[in-house]
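Reader: I keep running into words such as "salt bridge" and "polar contact", and I never know when they apply. Could we go through a structure together and check?

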Protein chains: 2
Amino acid sequence: MNLSESVEMYLETIYFIQENHGHAHVIDIANMMNVSKASVSKTMNQLKEEGLVNKETYGHITLTDKGETISREIVKKHYSISRFLEKSLKLNPSEAAKNACKMEHIISDEMIKAIEMYLEEIDQLAGK
Amino acid sequence: MNLSESVEMYLETIYFIQENHGHAHVIDIANMMNVSKASVSKTMNQLKEEGLVNKETYGHITLTDKGETISREIVKKHYSISRFLEKSLKLNPSEAAKNACKMEHIISDEMIKAIEMYLEEIDQLAGK
DNA sequence: GCATTTTGTTAACTCAGGTTAACTTATTAA
DNA sequence: TTAATAAGTTAACCTGAGTTAACAAAATGC
């Protein structure tokens with residue numbers, strides 16, 4: 001599964017909206033991502049084709065199991081990177097999040113594993 | 001000066017070739033970047049327009065002062081990030097470089113400053 | 001229950017950054 | 001010095017990811 005940065009952002013956004021509202025609307029996604037409704041609508045069809053979201057015409061949007069699994073992974077990466085930047089570089093949370101949001105789409109599996117190990121060690125030292 | 005990731009990669013590549021050979025050829029850039037000669041040729045015209053490279057038709061390519069200044073900054077970022085990843089995450093040099101090569105185009109000024117501070121501290125501790 | 005407003009869709013378009021193919025110009029080696 | 005090869009250019013094209021504008025469907029509020 002090699003998804004574009006753009007598709008990853010859509011999935012992540014849907015995930016967050018769904019977490020708070022059970023499902024997402026085209027307009028919510030458009031607002032959160034600062035893109036047009038048209039762009040969202042078009043992308044949703046594509047994601048539906050790929051089995052990542054459920055949606056009928058004019059209906060609301062939810063992630064499929066497959067879509068949710070992938071989204072969870074991205075979100076997890078996001079948090080790990082963010083925490084790593086806060087801890088190692090003392091970035092403040094919003095600066096860390098901003099950078100994590102870009103990095104989550106490009107770093108290697110090996111790097112994300114290394115980040116997870118780094119965080120585990122920190123937690124260990126902090127007495128779990 | 002807000003350059004695309006693609007343009008930054010071209011500049012960086014020219015910088016490296018120029019370092020070793022005094023100037024670059026379309027074919028060198030194409031080979032190093034794994035793109036077609038046509039793509040390089042087209043991009044060089046654009047960079048020339050923007051005052052970043054010197055080049056006459058069928059002539060070789062060098063960076064202008066402006067182009068070199070920018071390239072140097074990107075290359076410096078690259079090395080800082082690379083070293084940061086090696087030190088903080090114990091990535092091996094090639095893995096670090098691979099990730100740095102993506103990150104150099106996207107991280108914030110604040111983050112790169114934090115990385116530089118991190119590295120200074122390390123150097124300090126190591127007795128300069 | 002219907003008019004208004006909001007939301008969603010579609011079509012036609014843009015733009016960056018690639019490609020291939022056909023061609024021209026330079027370089028090289030016999 | 002010229003034929004063959006390598007390098008560079010140009011035109012026409014493709015794709016992903018966005019846009020605007022016109023329209024259709026749904027939701028809302030009297």
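**Checking the labels**

Author: Let's start at the DNA: α3(A) gives four residues to the surface near DNA strand C, the largest share. Keep in mind that this is a predicted model.

Reader: What makes a residue count as near DNA strand C, and how many residues surround the strand?

Author: The test is a heavy atom within 4 Å of the strand. DNA strand C is surrounded by 19 residues, and the closest are A:I27, A:K37, A:K55, B:S36 and B:K42. Of the strand's atoms that come within 4 Å of the protein, 62% belong to sugar and phosphate.

Reader: Which elements supply at least two residues each of that surface?

Author: From chain A they are α2 (26-33) and α3, and from chain B they are α1 (5-21) and α3. By type, the residues of this surface split into eight nonpolar, eight polar and three charged.

Reader: How do you know that A:K37 makes a polar contact with DNA strand C?

Author: Put the distance next to the cut-off. An N or O atom in the side chain of A:K37 is 2.7 Å from a base nitrogen of DNA strand C. A polar contact needs a pair of N or O atoms within 3.5 Å, so this pair qualifies.

Reader: Which side chains lie by a phosphate oxygen of DNA strand C?

Author: Among them are A:H25, with a polar side-chain atom 3.0 Å from a phosphate oxygen, and B:S4, where the distance is 2.8 Å.

Reader: What about DNA strand D: which residues are closest?

Author: Here 20 residues surround the strand, and A:K42, B:I27, B:K37, B:S41 and B:K55 are the closest. Sugar and phosphate make up 63% of the atoms of DNA strand D that come within 4 Å of the protein. The largest share of this surface comes from α3(B), with four residues. Sorted by type, the surface has eight nonpolar, nine polar and three charged residues.

Reader: Why does the pair between B:V26 and DNA strand D count as a polar contact?

Author: A backbone N or O atom of B:V26 lies 3.4 Å from a phosphate oxygen of DNA strand D. The cut-off is 3.5 Å, so the pair counts. B:K55 also passes, with a polar side-chain atom 2.4 Å from a phosphate oxygen of this strand. As for the bases, a side-chain N or O atom of B:K37 is 2.7 Å from a base nitrogen of DNA strand D.

Reader: Now the protein chains. What makes a pair such as A:K76 and A:E116 a salt bridge?

Author: The closest N and O atoms of A:K76 and A:E116 are 3.9 Å apart. The limit is 4 Å between a side-chain nitrogen of Lys or Arg and a carboxyl oxygen of Asp or Glu, so the name fits. This pair links distant parts of the chain: A:K76 is in helix α4 (residues 65-89), A:E116 is in helix α6 (residues 109-125), and they are 40 residues apart. Over all chains, the structure holds eight salt bridges.

Reader: How many salt bridges run between chain B and chain A?

Author: Zero. There are four residue pairs in polar contact between chain B and chain A, though. On the chain B side, the elements that give two or more residues are α4 (65-89), α5 (93-103) and α6 (109-125). That side divides into eleven nonpolar, four polar and four charged residues.

Reader: What area is buried between chain B and chain A?

Author: It's about 1600 Å², and carbon and sulfur atoms give 70% of it. B:L89, B:I106 and B:M111 supply 33% of the area that chain B buries against chain A, more than any other three residues.

Reader: Why are the two copies said to be related as by a two-fold rotation axis?

Author: Chain B superposes on chain A by a rotation of 180° with 0.0 Å of shift along the axis, at an RMSD of 0.0 Å. The copies are therefore related as by a two-fold rotation axis. Both use the same surface, with 100% of the contact residues of chain B recurring in chain A.

Terms used:
Residues numbered from 1 in each chain as written. Chains lettered and ligands numbered in written order. Predicted model: local features only at pLDDT ≥ 70, side-chain atom pairs only at ≥ 80, totals over all residues. Heavy atoms only, no water. Polar contact = N/O pair within 3.5 Å; in protein donor to acceptor, adjacent residues only side chain to side chain. Nonpolar A, V, L, I, M, F, W, Y, C, P; charged D, E, K, R; others polar. Buried area = accessible area lost by both parts, 1.4 Å probe. Least-squares fit on C-alpha atoms with pLDDT ≥ 70 in both. Contact = heavy atoms within 4.5 Å.
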